[in-house]
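Trainee: I should like to take a close look at one residue of this structure and at the chain around it. Could you guide me through it?

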Amino acid sequence: DNYFVTLKEYQPTGAPRPDIFEIKQTDKPTAVPEGHFLLRVDYISVDPYLSFKVRQPGGHGEFEGFTLGAPLEGFLAGVVEDATGCKGVKKGDVVAGMGRYQRFQVVKEGTGFLNVATGVSDDHLSYLIGVLGMPGCTAWAGVKYVLEAKEGQVLFVSGAAGAVGSLVGQLGRLKGLTVIGSAGSADKLERLKSFGFTHVFNYKECKSAADVERKLREFCPDGIDLYFDNVGGDHLQGAIAALREHGRIAICGQISQYGAGSPELVPNPSFPLLMKKARMEGFLVFDWLSQPEEMKKFYSEMGGWLKSGAVSVDETEFPVSRFGDAMAALFSGGNLGKAVVKME
């Protein structure tokens with residue numbers, strides 16, 4: 001039985017509705033040409049950036065719109081079922097990368113997939129689209145290269161119970177930082193405490209940027225050194241107000257603005273950043289995913305922390321029949337940690 005996930009209609013604004021997606025049947029490949037392998041996809045990823053791809057056709061790069069009726073594409077993990085004349089993969093190998101959200105597919109070797117020798121067991125293949133995949137690399141690169149975090153600093157991370165934010169906070173703890181995290185429920189705040197976050201607060205209690213700043217200064221009266229932004233809006237404004245001199249802000253996501261017909265414009269931050277001699281930098285993880293040597297470092301460091309128990313992982317698993325619900329959960333707070341979709 002072979003099938004793929006596709007888009008039925010475009011949705012110009014708002015959080016993606018479950019009913020714009022559907023599953024279609026297709027034939028299972030029977031021939032594997034020279035230099036190709038047959039991949040069985042076991043897990044596919046739902047990530048906030050995919051919401052840009054359901055808006056309209058066209059665009060370019062990672063944010064090009066999906067084609068109606070064709071397989072969606074994104075991050076996935078699976079097992080090689082057959083290989084013909086391949087140098088880097090063989091039957092039984094675990095691979096991960098970007099590809100079609102289709103259960104069985106023939107893939108040309110060297111096009112978007114890595115043979116992942118991380119020691120991940122079959123019952124944890126989903127880690128390859130989470131802690132050992134794009135979200136994990138985002139957290140790792142953001143803390144290591146963008147924020148350049150140093151022991152003793154104060155780090156604030158928004159969206160802290162999500163796939164990226166929960167890892168950012170834990171990496172901050174490992175580096176000896178004071179870590180503040182925001183999330184939207186009591187259960188999520190308790191989970192952040194178990195991850196070693198120093199302070200946590202419910203962002204739903206904050207009605208303005210001033211409220212966010214007030215919360216931050218309750219915990220750290222002298223302000224924060226670092227902000228990892230997954231949310232935008234009031235969180236970003238509040239963090240800028242609480243930022244110390246020479247502070248750094250990593251702009252990773254703006255989920256509060258995704259889907260808005262007219263995104264909220266943050267007041268021009270140039271003057272406060274100037275007076276604080278601070279830096280604000282946007283980044284996309286694809287800059288690291290495309291560098292094999294950096295990925296080796298990432299797999300080594302994150303894999304080691306995961307194996308030792310220094311980093312913990314939460315996942316919310318959905319069956320492929322509920323792919324649309326999984327996408328919607330990202331925008332309603334319906335997931336804890338990484339949302340993954342299991343192909344069956």
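Mentor: The following account begins with the residue K338 and then turns to the whole chain. This is a predicted model, in which local features need pLDDT of at least 70 and side-chain atom pairs count only at pLDDT 80 or more, while totals for chains, interfaces and linings use all residues. Residues are numbered from 1 along each chain as its sequence is written, and side-chain values use heavy atoms, with hydrogens and water left out.

K338 belongs to strand β15, which covers residues 338–342; a strand here is a DSSP run of E with at least two residues, and a helix is a run of H or I with at least four, numbered from the N terminus. K338 counts as buried because its relative accessibility is 4%, where buried means under 20% relative accessible area with a 1.4 Å probe and protein chains only. The side chain of K338 makes a polar contact of 2.8 Å with that of S45; such a contact is a pair of N or O atoms within 3.5 Å, and within protein one must be able to donate a hydrogen and the other to accept it, while residues adjacent in sequence count only if both atoms are side-chain atoms. Beyond its neighbours within four places in sequence, K338 is in contact (heavy atoms within 4.5 Å) with residues including V46, D47, I129, P135 and D314.

Now consider the chain. It contains 9 helices and 15 strands, and buried residues make up 52% of its 344 residues. Of the contacts between residues at least 6 apart in sequence, 66% join residues at least 24 apart. The C-alpha trace spans about 65 × 40 × 35 Å along its principal axes.

Note on methods
Buried < 20%, exposed > 50% of the residue type's maximum accessible area, 1.4 Å probe, protein only.
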